[in-house]
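Subject: Structure for your review

Dear colleague,

Please find below the structure that I am handing over to you. My notes on its nonpolar and aromatic side chains follow directly after it.

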Amino acid sequence: SNITFSNSVETIKFNTFFDCLKLENIIIPNSVKFIESQAFYNCSSLQNINIPYGVPKICAHTFRNCSKLKSIII
C-alpha cells in the first residue's frame with residue numbers, strides 16, 4: 001500500500017499510522033511542517049519515504065520498528 005497526502009496536511013500526528021503493517025511507501029507534501037513522535041511506529045512493511053526539505057521537525061521514534069525501511073529521501 002502507498003499513501004500520498006493532500007497538500008493541506010500540516011502535521012502528521014502521534015501514532016497516525018501505528019501498526020499499518022501493509023504500508024510500503026509514503027510521499028509527504030511540502031505543506032507538512034511537523035511529524036510527531038511514532039507517526040509511523042511499527043509499520044513493518046514500510047520501505048521508502050520521501051520527506052520534503054522544508055519539514056523543520058521530525059520527532060523521536062517516528063520510524064521505530066520499521067524493519068524493512070530502505071530509504072528516507074529528504
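Ile58, Ile72 and Ile74 make up a nonpolar patch on the surface of this predicted model, and their joint accessible area is about 270 Å². A patch of this kind joins nonpolar side chains (Val, Leu, Ile, Met, Phe, Trp, Tyr) within 5 Å, from residues with over 30% relative accessible area and no salt bridge; a salt bridge is a side-chain nitrogen of Lys or Arg within 4 Å of a carboxyl oxygen of Asp or Glu. Accessible areas follow the Shrake-Rupley method with a 1.4 Å probe, and for residues only the protein chains shown count as cover. Ile72 belongs to strand S7 (residues 71-73), where strands are DSSP runs of E with at least two residues, numbered from the N terminus. Its relative accessibility of 41% places Ile72 in the partly exposed class (buried is under 20%, exposed over 50%, partly exposed in between).

As to the conventions, residues are numbered from 1 along each chain as its sequence is written. Because the model is predicted, local features need pLDDT of at least 70 and side-chain atom pairs pLDDT 80 or more, whereas totals for chains, interfaces and linings use all residues; side-chain values use heavy atoms, without hydrogens and water.

The aromatic pairs number 4, counted where ring centres of Phe, Tyr or Trp (its six-membered ring) lie within 6.5 Å; planes under 30 degrees apart are stacked, over 60 edge-to-face and the rest tilted. Phe17 and Phe40 are stacked, at 5.3 Å centre to centre and 0° between the planes. Phe17 sits in the loop between strand S2 (11-12) and strand S3 (25-27) and Phe40 in the loop between strand S4 (34-35) and strand S5 (48-50), so this pair ties together parts 23 residues apart in sequence. Both Phe17 and Phe40 are buried. Phe18 and Tyr41 are also stacked, at 5.2 Å and 10°. Phe18 is partly exposed at 38%, while Tyr41 is buried at 19%. Ring pairs also link Phe5, Phe17, Phe40 and Phe63 into a cluster.

Phe40 appears again in the largest nonpolar core, which has 17 residues; Ile12, Ile26, Ile28, Ile35, Phe40 and Leu46 touch the most other members. Such a core consists of buried Ala, Val, Leu, Ile, Met, Phe, Trp, Tyr and Cys residues joined through side-chain atoms within 4.5 Å. Beyond its neighbours within four places in sequence, Ile35 has contacts (heavy atoms within 4.5 Å) that include Ile12, Ile28, Phe40 and Ile58.

Yours sincerely

Conventions:
Helix = DSSP H or I, 4+ residues; strand = E, 2+ residues; numbered from the N terminus. Buried < 20%, exposed > 50% of the residue type's maximum accessible area, 1.4 Å probe, protein only. Patch = residues over 30% accessible without salt bridge, like charges linked within 9 Å, V, L, I, M, F, W, Y side chains within 5 Å.
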